[in-house]
Each structure stands twice: as C-alpha cells, then as structure tokens.
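Q: Please take a close look at a single part of this model. Describe it in detail and relate it to what surrounds it.

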Amino acid sequence: MSSSSSWMGMDFSDDEAAAEERFERFIPSWLRPLLSAKFFEPCAFHPELVRNERNHYCLDCAGDYGAICCPLCLSAHRSHRVVQIRRSSYHEVIRVAELKALADVSQVQTYVINADKVMFLNPRPRAPQHFSKCVGAAGACEECGRGLVDAVFRFCSLGCKLKSMASNASLTFILDPKRKREGSGEGDLSGPSNLQTTGKISYRRHARKGVHRAPTQAPFF
C-alpha cells in the first residue's frame with residue numbers, strides 16, 4: 001500500500017522516499033509555512049488597532065497561527081527571527097537582506113523597491129494572452145515560464161525555486177558555510193535589475209522619452 005503527499009503541485013509516493021528525504025533536507029523548516037501563509041489580514045489579537053495588518057512572520061514559530069504577526073504582536077517575539085513582508089502589485093515580497101543570512105536565495109529574480117532589493121514569495125498569475133509576450137532576452141522562469149528581467153536568474157520567485165527542487169538535485173536553500181561572506185557578495189544575487197522604483201516595481205528598462213530630461217526655457221525673441 002502506497003501513500004503520497006503533495007505541496008504546490010508536487011506529489012511524492014513511497015517509491016520516491018529517498019528523493020523526498022533529500023528534498024526536506026535541503027530546505028529550511030520555515031520556508032514552506034512562510035510561502036503558504038496569508039498576510040495583510042486583520043490581526044485577531046488586536047482588532048482595535050487601525051493598522052493591524054499581519055505583515056510580519058516569525059521563522060521560529062513557523063507553522064503556528066501566531067507566526068503571522070501584526071506590529072503589536074512583535075513584542076512576543078523579541079528573541080525570535082522575524083521577517084517583514086511587503087507588497088508590490090498586490091503580491092507579497094520580502095527583502096533580500098532579511099533572507100540572505102538565513103537561506104540560499106540565489107538564482108531567484110530580485111527587484112528594487114525604495115532602494116531595497118526584494119523578491120517575490122510566490123509566482124504571480126498571468127493572463128493567458130501574456131504567456132509568450134512577457135519573455136524577453138533575459139529568458140523565462142524555469143518553473144512557471146514568466147519572463148525574467150535579468151539573465152543571471154533562473155526563477156521568478158522563491159516558490160518556483162522550491163517547486164523546481166523536486167526535479168533538480170542541484171538546487172538548495174541551505175547556505176554553504178564555505179561560501180558565506182559577511183557583508184560582501186551574494187552569489188547569483190549580484191546581478192539584480194537596476195530598476196529603481198518608489199512604492200511599486202517597474203519593469204521598464206529605459207525611461208520614457210523626455211521623462212528625465214532637464215527642463216529647458218523657451219527662447220526669448
């Protein structure tokens with residue numbers, strides 16, 4: 001009698017026990033709960049607050065309901081590892097600076113929001129008519145096919161890299177101590193898109209004509 005388990009479309013049977021064991025060994029225990037968490041919902045513990053959106057996640061409490069925190073909940077997690085979740089175009093992103101010391105997030109496309117490098121937690125849905133139009137010279141995500149901005153990356157989100165691990169033994173989220181360098185390079189993260197945005201992500205490589213031109217005064221006659 002065989003049994004199977006699944007997550008994000010990945011199915012594992014008893015015949016694939018070895019592959020599943022390796023898969024679990026190369027991902028942090030908090031990663032899957034983080035990617036499946038529902039953020040920006042009102043906090044049930046602090047309903048009286050005006051700004052009570054749950055936009056933080058405690059990695060040490062991963063899997064528990066209390067792991068998803070609002071700002072007032074943070075006092076209960078002072079000694080824990082807590083990351084903040086942000087939004088871009090209604091999709092959750094996380095700062096690379098908060099993750100790179102905890103997991104190997106290389107090969108995942110990064111963007112810049114308000115001078116911070118960020119990456120998407122999960123793949124974003126696309127309209128069917130955009131499936132081919134969004135792929136440029138930088139290539140596409142190896143898992144979902146979304147067009148990438150920079151050719152040095154292979155995946156559009158953390159979720160796509162995780163899902164691809166089921167069929168690619170070379171991928172890992174576990175940091176290699178030999179490659180870890182304090183305050184220096186980020187491996188494949190060293191080539192992010194150079195797009196600077198304010199409040200939202202822009203996928204435009206070049207500014208619109210005339211947007212950044214210095215103002216000129218009309219000549220006098």
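A: Helices (H or I, at least four residues) and strands (E, at least two) are DSSP runs, numbered from the N terminus; two strands pair if DSSP finds at least two bridges between them. This is a predicted model, in which local features need pLDDT of at least 70 and side-chain atom pairs count only at pLDDT 80 or more, while totals for chains, interfaces and linings use all residues. Residues are numbered from 1 along each chain as its sequence is written, and side-chain values use heavy atoms, with hydrogens and water left out.

The part chosen is the hairpin of strand 5 and strand 6, with 2 residues between the strands, where Ser89 adopts a positive phi near 55°. Strand 5 (residues 82-88) and strand 6 (residues 91-95) are antiparallel and share 4 bridges; Ser88 has His91 of strand 6 as its bridge partner. Strand 6 is also joined to strand 8 (residues 116-120) by 3 bridges, again antiparallel, and there Val93 is partnered with Phe120.

The hairpin belongs to an open sheet of 6 strands, ordered 4-3-5-6-8-7 with antiparallel pairing. Its edges are strand 4 (68-69) and strand 7 (111-113), each pairing on one side only.

Within strand 5, Ile85 has contacts (heavy atoms within 4.5 Å) with residues including Leu34, Phe39, Glu92, Ile94 and Leu121, leaving aside residues up to four places away in sequence. Ile85 and Ile94 are among the residues with the most contacts inside the largest nonpolar core, which has 35 residues. Such a core is a set of buried (under 20% relative accessible area, 1.4 Å probe, protein chains only) Ala, Val, Leu, Ile, Met, Phe, Trp, Tyr and Cys residues joined through side-chain atoms within 4.5 Å.

Methods. Buried < 20%, exposed > 50% of the residue type's maximum accessible area, 1.4 Å probe, protein only.
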